[in-house]
Amino acid sequence: MSDKYSDSETSVHAILSNLWALARGTLDGLRLSAAERLTLLLSAIAVAAIAAVLVTAALLFASIGAAQLLASITPDGAYFIVAGFYALLLLLLFLLRRPLIVDPVSRLVTRLLVPPPQETPVETQTPRNNDEDKE
């Protein structure tokens, strides 16, 4: 009788060992997936930050050039015209912040962090034969 119990105990240990290995493998997979998605998110933030610095520098030089060009036409108001243009852009950015900033950032983060839904096969229904209903 002791053999029967020792075989059961060995089977339980083997099952628990397999479950533990499966859990470790699943946890490792989750860690790798999280690391990959975090890497993609941080690289997107880094690219956006570098692009923001370069765009700021380009806008600064373009603004100075535009102000110098306007100074030949209206010497007293050239820098105010350029400042008013940026104030108008700031107002437009504030009014359109959701479609221009919030929605694209939300889509990017969602695409990076949430896996796409699995497509479920659509069940096809067989058309009912009206002759069967009459019988």
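Is Asp103 buried, partly exposed or exposed, and what relative accessibility does Asp103 have? The answer comes in point 6, once the rest of the protein has been introduced.

1. Overall make-up. Please keep in mind that this is a predicted model. The protein has 4 helices and 0 strands, and the order of elements from the N terminus is α-α-α-α. Helix 1 spans residues 2-71, and several of the points below come back to it.

2. Surface and burial. Of the protein's 135 residues, 6% are counted as buried. The exposed surface of the protein comes to about 12,100 Å², and 69% of that area is supplied by carbon and sulfur atoms. I would keep both values in view while reading the residue-level points.

3. Ser63. This residue lies in helix 1. Ser63 counts as buried because its relative accessible area, 13%, falls under the 20% cut-off. Leaving aside residues up to four places away in sequence, Ser63 touches Val82 and Tyr86. With Tyr86 there is also a polar contact, side chain to side chain, at 2.3 Å. That distance is one I would look at in the viewer, with Ser63 and Tyr86 both displayed.

4. The aromatic pair. Tyr86 turns up again here, as a partner of Phe85. A search through the whole structure gives 1 aromatic pair. The ring centres of Phe85 and Tyr86 are 5.6 Å apart and the planes meet at 65 degrees, so the arrangement is edge-to-face; the angle has to be over 60 degrees for that label. Both residues are partly exposed: Phe85 has a relative accessible area of 47%, while Tyr86 has 29%. Tyr86 therefore falls between the 20% and 50% limits, whereas its polar partner Ser63 is buried.

5. A charge over a ring. What sits over the ring of Phe94? It is the charged end of Arg97, placed 4.5 Å from the ring centre.

6. Salt bridges, and the opening question. The count of salt bridges is 2. One of them joins the side chains of Asp103 and Arg98, with N to O at 3.7 Å. Here is the promised answer: Asp103 is partly exposed, because its relative accessibility is 25%. Arg98, on the other side of the bridge, is exposed, with a relative accessible area of 56%.

7. The salt bridge in helix 1. Arg31 pairs with Asp28, and their closest N and O atoms are 3.5 Å apart. Why are these two residues about one helical turn from each other? Because they are 3 residues apart in helix 1. Arg31 is exposed at 52% relative accessible area, and Asp28 is partly exposed at 39%. The 50% limit separates the two labels, so Arg31 at 52% falls on the exposed side.

8. What to view together. For a second look, I would display Ser63 with Tyr86 for their polar contact, then Phe85 with Tyr86 for the edge-to-face pair. After those, Arg97 over Phe94 makes a good next stop.

Notes
Residues numbered from 1 in each chain as written. Predicted model: local features only at pLDDT ≥ 70, side-chain atom pairs only at ≥ 80, totals over all residues. Heavy atoms only, no water. Buried < 20%, exposed > 50% of the residue type's maximum accessible area, 1.4 Å probe, protein only. Areas by Shrake-Rupley, 256 points an atom, 1.4 Å probe, with all protein chains shown as cover. Polar contact = N/O pair within 3.5 Å; in protein donor to acceptor, adjacent residues only side chain to side chain. Contact = heavy atoms within 4.5 Å. Phe/Tyr/Trp six-rings, centres within 6.5 Å; stacked < 30°, edge-to-face > 60°. Lys NZ or Arg CZ within 6 Å of the ring centre and 35° of its normal. Salt bridge = Lys/Arg side-chain N within 4 Å of Asp/Glu carboxyl O.
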